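Reader: I've got a model open on my screen and would like to talk it through with you. Can we go over it together, bit by bit?

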Amino acid sequence: MSDERPQRRPKVHSYASDEIEVSWSAGRCIHAAECVRGLPEVFAPGERPWIHPRAGEADAIAEVVERCPTGALHYRRAEGSEERPDTENTIRLAADGPVYLRGALEVRTADGTVVEETRMALCRCGASANKPFCDGSHAESGFEAGTAIAEGAIDEGIEAGPLLLTVRPNGSIGLEGPYRALDSDGTVRVVRAKGSLCRCGASENKPWCDGSHKRIGFVAE
């Protein structure tokens with residue numbers, strides 16, 4: 001599947017109270033709605049502006065922001081503190097949707113830039129205009145893929161540390177560093193320090209790459 005749609009740079013909006021600043025990246029938001037369910041008085045998508053940090057306690061807002069699975073929401077406290085990553089790097093799948101990752105994540109893009117993240121949703125349908133991140137295009141493309149992860153290598157001896165994700169032009173996303181891949185019920189299926197995630201949508205071994213990007217002529221930076 002070739003990528004014919006232009007890439008766009010997500011715009012980041014900020015909303016602040018005296019105690020906390022919440023930032024929202026529109027291009028990273030796929031409307032998972034964890035924020036709305038958690039604090040509807042603070043996160044009100046039918047209003048403009050839609051985030052009201054003065055309507056809630058800073059601790060509660062921080063806790064709800066950390067539930068956002070895509071990394072579209074982040075916060076900074078007035079005293080300068082920010083979100084800390086989970087102690088373990090984890091991978092989960094959304095039904096017919098993206099790969100969710102949490103932890104100490106580092107994304108290396110095609111130009112060599114490394115960006116630190118704590119939460120993200122990666123495209124696995126191949127259609128996102130904001131690759132490697134999901135932009136919700138799986139819903140339009142009719143992408144179908146379950147949440148089950150086949151049982152694989154379990155190496156409990158892997159030391160904790162950051163997980164580096166390298167975006168390979170026209171190919172997969174390489175994983176280097178400790179991670180746990182979990183089924184939707186929380187069962188740990190894979191514990192490894194290496195791997196490759198499919199991002200073309202054609203792998204027969206999702207979420208892992210099986211080289212199908214070469215067969216279909218996948219094009220993406």
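Reader: Which residue does Glu117 meet in a salt bridge?

Author: Keep in mind that this is a predicted model. The structure holds 11 salt bridges, and a pair counts when a side-chain nitrogen of Lys or Arg comes within 4 Å of a carboxyl oxygen of Asp or Glu. Here the N to O distance is 3.3 Å, and the partner of Glu117 is Arg28.

Reader: OK, and how many residues apart are Glu117 and Arg28?

Author: Glu117 belongs to strand 6, while Arg28 sits in the loop between strand 2 and helix 1 (34-38). That makes it a link between distant parts of the chain, with a separation of 89 residues.

Reader: Strand 2 came up there. What is the order of the strands in its open sheet?

Author: The sheet has 3 strands, and they pair in the antiparallel sense. Strand 1 (12-16) and strand 3 are the edge strands, each pairing on one side only. From one strand to the next, the twist averages 20°. Put together, the order reads 1-2-3.

Reader: Which residue in strand 2 is the bridge partner of His13?

Author: Strand 1 and strand 2 run antiparallel and are joined by 5 bridges. Look across from His13 into strand 2 and you land on its bridge partner, Trp24.

Reader: Which helix lies across strand 2 and strand 3?

Author: Look for one running at about 150° to strand 3. The residues to pick out are 58-65, and that's helix 2.

Reader: Now the second largest pocket: which class, nonpolar, polar or charged, has 7 residues in its lining?

Author: About 360 Å³ of space lies in that pocket, and 16 residues line it. Nearest its centre are His74, Glu82, Glu83, Glu116 and Thr118. Strand 2 (20-25), strand 3 (73-77), strand 5 (99-108) and strand 6 (114-122) each supply at least two lining residues. With 5 nonpolar and 4 polar residues in the lining, the class with 7 is charged.

Reader: Last stop, strand 8 and strand 9. Which residue in the turn of their hairpin has a positive phi?

Author: Strand 8 (residues 173-182) and strand 9 (residues 188-197) pair antiparallel over 8 bridges, and Ile173 stands opposite Leu197 in strand 9. The hairpin leaves 5 residues between the two strands. In that turn, the residue with a positive phi, about 90°, is Gly186.

Conventions
Residues numbered from 1 in each chain as written. Predicted model: local features only at pLDDT ≥ 70, side-chain atom pairs only at ≥ 80, totals over all residues. Heavy atoms only, no water. 1 Å grid on protein atoms, 1.4 Å probe; cavity = no way out; pocket = protein on both sides within 12 Å on 5 of 7 lines; lining within 4 Å. Points joined across faces, edges and corners; volume = space filled by probe spheres on them. Helix = DSSP H or I, 4+ residues; strand = E, 2+ residues; numbered from the N terminus. Nonpolar A, V, L, I, M, F, W, Y, C, P; charged D, E, K, R; others polar. Pairing = 2+ DSSP bridges. Axes fitted to C-alpha atoms, helices over the stretch in contact; angles between N-to-C directions. Contact = heavy atoms within 4.5 Å.
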